[in-house]
Amino acid sequence: MLFSKHRKAEEASVDWVIVGLGNPGSQYEQTRHNMGFLVIDRLSDQWGIPVKKLKFQSQYGLGQAEGKRTLLLRPQTFMNLSGEALRDCIQFYKVPLTRTIVVYDDISLPLGKLRLRGKGSDGGHNGIKSILYQCQSDVFPRIKVGIGAPDHPDFTTANWVLGRFSEEERPLVADMVTKTADAVRTIMTHGLDRAMNTYN
């Protein structure tokens with residue numbers, strides 16, 4: 001009977017899925033490519049939703065946020081297979097992709113700049129490419145978090161995104177993580193159009 005109650009609670013409907021893209025492992029912590037993870041960590045702290053359960057090839061947490069039952073998802077598949085984790089999650093909970101907010105880094109935007117969209121191409125981002133392929137749709141709210149482009153010709157894109165922010169950049173990164181978390185809440189409470197008008 002206890003197992004049945006637990007299973008029923010676990011499978012109850014979910015209103016929103018918030019997924020932050022990144023790479024698992026201590027060697028990737030605080031890297032530019034892990035901006036999505038940083039935002040999930042901030043929302044986890046603000047909402048009091050621990051992201052410690054293991055399922056969907058991910059770490060995840062479930063709880064109430066902004067009056068909605070919300071799932072925070074941190075895929076552990078590595079960036080290039082992020083779509084597998086998200087697909088498994090939204091299929092299990094039967095959450096439409098339109099109520100899934102994807103947060104990820106973008107080298108085409110300067111550090112500190114956000115861009116919100118409701119649909120679009122992968123823009124060369126392998127995590128988004130995987131989501132488009134696995135979920136067979138490009139229609140979902142997304143928040144691109146600017147990390148800037150390589151500032152030296154010797155930096156490859158891979159080296160840049162897997163590098164860590166400098167000491168001088170960290171205050172701006174912290175502000176950007178807070179701003180992105182605010183944008184997530186605005187999408188949930190007031191809709192994507194309001195959020196785009198506010199943060200783009």
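Visitor: Before we look at the sheet, when do two strands count as paired?
Guide: This is a predicted model, and pairing here is judged by DSSP bridges. Two strands pair if DSSP finds this many between them: at least two bridges.

Visitor: Great, so in what order do the 7 strands of the open sheet run?
Guide: The pairing in this open sheet is mixed. Going across, the 7 strands come in the order E2-E3-E4-E1-E5-E7-E6.

Visitor: Which strands stand at the edges?
Guide: An edge strand here has a single partner strand, so one side of it is left without a neighbour in the sheet. That fits two strands, E2 (53-55) and E6 (114-119).

Visitor: And how do E3 and E4 pair, parallel or antiparallel?
Guide: E3 covers residues 58-65 and E4 covers residues 68-75, with 8 bridges between them. Tyr-60 stands opposite Leu-73 in E4. The sense of the E3 and E4 pairing is antiparallel.

Visitor: What angle does H6 make with E7?
Guide: H6 packs on the sheet, touching E1, E3, E4, E5, E6 and E7. Its direction, set against that of E7, makes about 165 degrees.

Visitor: Is Arg-185 in H6 buried or exposed?
Guide: Arg-185 lies in H6, which spans residues 170-190. Leaving aside neighbours within four places in sequence, Arg-185 is in contact with Leu-43, Gln-46, Trp-47 and Glu-66. Its relative accessible area is 18%, and the cut-off is under 20%, so Arg-185 is buried.

Visitor: How far apart are the C-alpha atoms of Leu-172 and Leu-111?
Guide: Leu-172 is also in H6, and it touches Leu-111 and Gly-112, not counting residues up to four places away in sequence. Leu-172 and Leu-111 are 61 residues apart along the chain, yet their C-alpha atoms are separated by 7.8 Å.

Note on methods: Residues are numbered from 1 along each chain as its sequence is written. This is a predicted model: local features need pLDDT of at least 70, side-chain atom pairs count only at pLDDT 80 or more; totals for chains, interfaces and linings use all residues. Side-chain values use heavy atoms; hydrogens and water are left out. Helices (H or I, at least four residues) and strands (E, at least two) are DSSP runs, numbered from the N terminus. Buried means under 20% relative accessible area, exposed over 50%, partly exposed in between (1.4 Å probe, protein chains only). Contact means heavy atoms within 4.5 Å. Axes are lines fitted to C-alpha atoms, for helices over the stretch in contact, and angles run from 0 to 180 degrees between N-to-C directions.
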